[in-house]
Amino acid sequence: MVATPEIPVAARSKYEPVIGLEVHVQLLTATKIFCSCSTRFGAPPNTNVCPVCLGLPGALPVLNRKAVEFAVLAATALNCRINETSIFARKNYFYPDLPKGYQISQYDRPLAEHGWIEIAAGGVKKKIGITRVHLEEDAGKSLHEGFPDSGEKTAIDLNRSGVPLIEIVSEPDLASPNEAHEYLTRLKEIILYTAVSDCNMEEGSLRCDANVSVRPRGQKEFGTKTEIKNVNSFRFISQALEYEIDRHIGVIESGGKITQETRLFNSTEGKTYGMRSKEQAHDYRYFPEPDLLPLVVDEKWKAEISQQLPELPEARRQRLVRDYAITEYDAGVLTASKSLADQFEAAARTAKSPKRVANLVQSELMGRLKAKGVEIEQSPISMKGVAMSADLVEAGAISGKMLKDLYDLAFTRNKDFPTVYEEEGRPEQSHDTSALEKIITEIIAANPKQVEQYRSGKKTVLGFFVGQVMKASKGQANPQLVNELLAKKLN
Ligand SMILES: [Zn+2]
């Protein structure tokens, strides 16, 4: 639970939050941005290092071409304008995990600017501006625990030093913690589609800082902002923002002033704490990196990179709705990851009826997943399984009722459809007329009242008989055949 300070609703509604996000995304290059050391996560400490990323005197950086390509690809997917010339700059500060005493980043001439992504905010689409996307190197990592002498000492692991990052800075266009959450979800989805990062938050491949302020509704000027640093889940970012917005309102309402500062979120307590006064850009003494040439991405290179851009989630959602006549909601679920959308489309394309695959996903799979509380990625029934079941129904081999039963078994046993289908001995719906005729004769004999109703013109009673026959055949009968035989017998 978030321990928000007590703010009366009336006071809260007087103010409007203004939120901007800075997202760091680690690029999936094999080697670091300015040297050929491996970027592999989880290697023993200080094994992926060299004079460049250790910051030894005289070592010179060489820019990784792949990192530039990934950054341009991501920025293009975020609708940014790619600057033909961008400049690397030194951002000077001291930290134990930054051996050079500066980080190579980009400052007044970043790689890309003026982008946007679209989010759904309370049922309406809203464009969130992206101020810039720039390239930079990561710092190392201070380890405060995990060693026998951790009580007295801090260890430094420089494997991460020099790993390529892009920083994606949003405009202060987000007006609530919900919008911030939605923005991050959409942003992550887009980055994952471009495959330039795995966006793994536990491993730090995606990190987010949030800037937040409040202002009286209708006021143009921004209030004083605070920055919340290094929150490691989207849910915690929403919580931290909620807490921080209420804190701002509380301070202002009681006549106080917000100090510009950097704060940390304690997820156990649901509170933020002041960490340090917020540094200004001039504190970093940025200047152009003298050891690197200006980065030039000309039209030809830019065009080559854009060709690798896959169909992005929003476009794909719209196409799936169009091509397979599924709901927007289901298209949203099916495009949650590129691999899932690929699987769905592959299954739908090879199946006899793509529409039936889509229908089964919508009518039989989603509800069961929801009831079980699992995501579609953990579904016991794969898209291939759905396609197989769709073909069996299409061919008349199994009935809709049998399919439902097999899906239930697949979920109970946590096994895929083809496995359950085999385990159940490849059940088939009955096309055996003589057995069915016997059942029908019995049911007609047992229900004289309904027979009379039917014969006196109440044809809807047929449905009752079909139901009885299906039940007696344990759902194995072919409904069409049952209908035909019943009609014949009753007339
Ligand atoms: Zn290195």
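Helix α13 passes helix α16 in a right-handed crossing. In this predicted model, the contact is made by T433, L436, E437, I440, T441 and I444 on the α13 side, and by L481, V482, L485, L486, K489 and L490 on the α16 side. By class, these residues are eight nonpolar, two polar and two charged. Helix α13 covers residues 433-446, and its axis comes within 10 Å of that of α16, at a crossing angle of roughly 50°. That angle makes α13 oblique to α16.

**Helix α16 and its second partner**

Helix α15 (residues 461-472) also packs on α16 (residues 479-490), at an angle of about 125° and with the axes 10 Å apart. This makes α15 oblique to α16. The crossing of α15 with α16 is right-handed. From α15, the residues in the contact are L462, F465, V466, V469 and M470. From α16, they are P479, V482, N483, L486, A487 and L490. Ten of the contact residues are nonpolar, one is polar and none is charged.

V482, L486 and L490 of α16 are listed in the contact with α13, and V482, L486 and L490 are listed again in the contact with α15.

**I444 and K488**

I444 lies in helix α13. I444 counts as buried because its relative accessibility is 16%, under the 20% cut-off. Apart from neighbours within four places in sequence, I444 is in contact with V451, F465, K489 and L490. Of these, F465 belongs to the α15 side of the α15 and α16 contact, while K489 and L490 belong to the α16 side of the α13 and α16 contact.

K488 is a residue of helix α16. With a relative accessible area of 60%, K488 is exposed.

**Helices α9 and α11**

Another helix pair is formed by α9 (residues 354-372) and α11 (residues 400-413), which pack at an angle of about 35° with their axes 11 Å apart. The crossing of α9 and α11 is right-handed. Helix α9 contributes L360, E364, L365, R368, L369 and K372, and these meet L403, K404, Y407, D408 and F411 of α11. The contact of α9 with α11 divides into six nonpolar, no polar and five charged residues.

**Nonpolar cores**

The largest nonpolar core has 74 residues. L21, L78, V133, L135, I166, I168 and Y183 have the most contacts inside this core. Helix α2 (residues 65-77) gives the most to the core, with nine residues. A second, separate core has 36 residues, among them A348, I381, L392 and I398.

I168, one of the residues with the most contacts in the largest core, shows what surrounds such a position. Leaving out residues up to four places away in sequence, I168 touches L21, E22, V23, V25, L78, I130, R132, V133, Y183, L187 and I191. L21, L78, V133 and Y183 from that list are themselves among the residues with the most contacts in the core.

**Positive phi outside glycine**

Most residues other than glycine have a negative phi. H114 has a positive phi of about 60° although it is not a glycine. H114 sits in strand β6 (residues 112-121), and at 52% relative accessibility H114 counts as exposed. C199, also not a glycine, has a positive phi near 50°. C199 is in the loop between α3 (177-194) and β11 (206-216), and C199 is buried, with a relative accessible area of 2%.

**S233 and separations between residues**

S233 is placed in the loop between β12 (226-231) and α4 (234-253). At 18% relative accessibility, S233 counts as buried. The table sets the separation along the chain beside the C-alpha to C-alpha distance for three pairs, including one that holds S233.

| Pair | Separation in sequence | C-alpha to C-alpha distance |
|---|---|---|
| K488 and I130 | 358 residues | 69 Å |
| I444 and T224 | 220 residues | 81 Å |
| S233 and L206 | 27 residues | 9.3 Å |

I130, paired here with K488, is also one of the residues touched by I168. L206, paired with S233, falls at the start of strand β11 (206-216).

Methods
Residues are numbered from 1 along each chain as its sequence is written. This is a predicted model: local features need pLDDT of at least 70, side-chain atom pairs count only at pLDDT 80 or more; totals for chains, interfaces and linings use all residues. Side-chain values use heavy atoms; hydrogens and water are left out. Axes are lines fitted to C-alpha atoms, for helices over the stretch in contact, and angles run from 0 to 180 degrees between N-to-C directions. Helices (H or I, at least four residues) and strands (E, at least two) are DSSP runs, numbered from the N terminus. Angles under 35 degrees count as roughly parallel, over 145 as roughly antiparallel, 65 to 115 as roughly perpendicular and the rest as oblique. A crossing is left-handed if the near helix is turned anticlockwise from the far one by less than a right angle, and right-handed if clockwise. Contact means heavy atoms within 4.5 Å. Ala, Val, Leu, Ile, Met, Phe, Trp, Tyr, Cys and Pro count as nonpolar, Asp, Glu, Lys and Arg as charged, and the others, Gly among them, as polar. A nonpolar core is a set of buried Ala, Val, Leu, Ile, Met, Phe, Trp, Tyr and Cys residues joined through side-chain atoms within 4.5 Å. Buried means under 20% relative accessible area, exposed over 50%, partly exposed in between (1.4 Å probe, protein chains only).
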